[in-house]
Amino acid sequence: MAAAAPSSSSKGSLREDLTCAICCDLFREPVMLPCMHHFCKPCISRYWRGTLGPVSCPQCRKEFHSKQFQTNFLVAAMVEKVRATTSDSYTKSLEKKLREMMESHRQRKENFILGVRKDKDLINVINRVGTDIKTRIKGEFQALHQILEEEKTSMLEQVTREQEEQLEKVQRHLEASESAITDLEENMQVLQQFSSAVDNIEPAELPQLRPFSHVDRVHHFDVDAFSNRYLAPLQYMTWRRMFKSLRPGLSPLTFDVDTAHPSIHVSRDKTAAVECDFMTQHACHSKRFLQCVNVLAAQSFHSGRHYWEVEVGSSAKWDLGVASEAVDRRARVKLSPENGYWTLRLRNRSEYWAGTQPWTRLQVSCSPQRLGVYLDCDERKVSFYNADDMSLLYTFKNGPRGKVFPFFSPCISDGRHGLQPIKLLHHPAESLHG
Ligand SMILES: [Zn+2]
Ligand SMILES: [Zn+2]
């Protein structure tokens with residue numbers, strides 16, 4: 001407000017300067033007398049009316065020999081300006097303008113306050129999510145550390161146990177040998193006494209001696225056998241055992257032949273499925289896909305977290321993911337979550353799509369040979385990874401409820417490219433039992 005003060009006071013003094021000393025109002029048709037004083041033309045005319053001789057200035061009393069004045073257009077213009085800027089309508093419009101400016105400032109401030117609040121909320125969200133993720137990571141690593149710690153403890157205990165067994169054997173042998181030495185020394189003493197007295201005493205029988213104690217042969221300890229078991233590729237052995245303890249680890253899936261479309265040939269070990277141009281005469285089964293070239297895994301999931309990997313090689317086309325148990329196997333349906341399918345698909349060798357409705361095109365830099373599918377039943381999420389480098393390709397947020405099966409479709413080949421099977425990957429650690 002300090003800035004406005006000089007302007008209003010200067011305006012006030014200007015108004016005073018432009019006020020007629022006779023009528024005490026703003027000049028009307030201002031005129032200037034030879035003494036340079038100004039008055040309204042009507043005021044000075046009325047003031048001098050009736051005077052015939054010399055006249056005087058009402059302000060400075062200076063006398064003039066005749067009624068003379070001249071119109072001052074500059075002052076007239078200034079008076080008009082002051083009159084205009086102090087008029088009611090002008091003041092009202094000015095007030096309106098001020099109110100509008102105030103309102104626009106208030107509005108802008110309100111928007112910024114809203115933006116600040118949003119930013120602060122966002123900061124909280126980012127911090128919370130970051131903390132959650134870190135807690136989760138710590139938990140996962142804690143679990144890994146625990147597995148390793150348990151492996152280490154168990155292995156060290158085993159070495160200690162074997163070491164103690166060996167020591168105990170040697171200790172027993174040592175004690176037996178020492179006891180035998182004592183026996184022999186005592187016998188030797190008795191014999192010595194007997195021998196020195198043999199001339200003085202009558203011939204008698206030999207003294208009573210302690211019997212020889214039997215001590216087994218010296219214990220054989222096979223250093224190599226003891227150490228070789230532990231000097232094996234220890235880290236790799238431990239890692240393989242650890243692999244089995246991973247939660248979730250790699251689910252060892254197999255194809256369910258009873259679900260396979262007649263054009264799909266499943267390998268004898270049920271880990272490879274390929275589309276053929278001849279129909280296999282399968283037994284009729286209510287689980288079988290009859291329209292689409294699909295096949296399910298024999299394993300199903302309805303709770304917990306599960307991960308599996310699929311090798312697709314350099315196929316030009318495939319679909320894979322999860323399917324609800326209830327999907328219609330007899331009809332040709334679009335693979336979308338609405339129809340019970342959460343899938344990733346490849347078309348034309350290099351176009352990757354998420355099986356949403358409509359499809360979502362994915363930017364995948366290099367063609368993965370292996371795909372990872374991560375199913376979190378509890379959080380209802382299905383994620384797809386490039387299993388070559390474990391980069392995330394896509395996540396379905398509204399995943400399935402209830403029982404689902406891993407789903408695969410080698411699609412119908414166009415004949416130009418060799419038939420490429422879809423392979424279910426099993427890690428070798430799976431065969432390492434115990
Ligand atoms: Zn006047
Ligand atoms: Zn004067």
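Into which domains is the chain divided? The model is a predicted one, in which local features need pLDDT of at least 70, side-chain atom pairs count only at pLDDT 80 or more, and totals for chains, interfaces and linings use all residues. Residues are numbered from 1 along each chain as its sequence is written, while chains are lettered from A and ligands numbered from 1 in the order in which they are written. The split gives domain 1 (8-85), domain 2 (96-231) and domain 3 (257-425), with bounds that come from an automatic or database domain assignment. Between domain 1 and domain 3, the C-alpha centres are 101 Å apart.

As for overall shape, the C-alpha trace spans about 195 × 95 × 35 Å along its principal axes. The radius of gyration is 53 Å, against near 22 Å for a compact globule of 434 residues; this radius is taken over C-alpha atoms, and the globule rule is 2.2 Å times the number of residues to the power 0.38.

The chain holds 6 helices and 18 strands, counted as DSSP runs numbered from the N terminus (helices: H or I, at least four residues; strands: E, at least two). Residues 145-194 are 100% helix and 0% strand, with their end C-alpha atoms 72 Å apart. An unreviewed UniProt entry annotates this stretch as "coiled-coil region", though such annotations may be inferred rather than shown by experiment.

Over in the strands, E14 (residues 370-376) runs antiparallel to E9 (residues 305-311), joined by 7 bridges; pairing takes at least two DSSP bridges. Here Val310 has Leu371 as its bridge partner. E14 also pairs with E15 (residues 381-386) in the antiparallel sense, over 6 bridges, and Val373 stands opposite Phe384. In the hairpin of E14 and E15, 4 residues lie between the strands, and Arg380 takes a positive phi near 50°.
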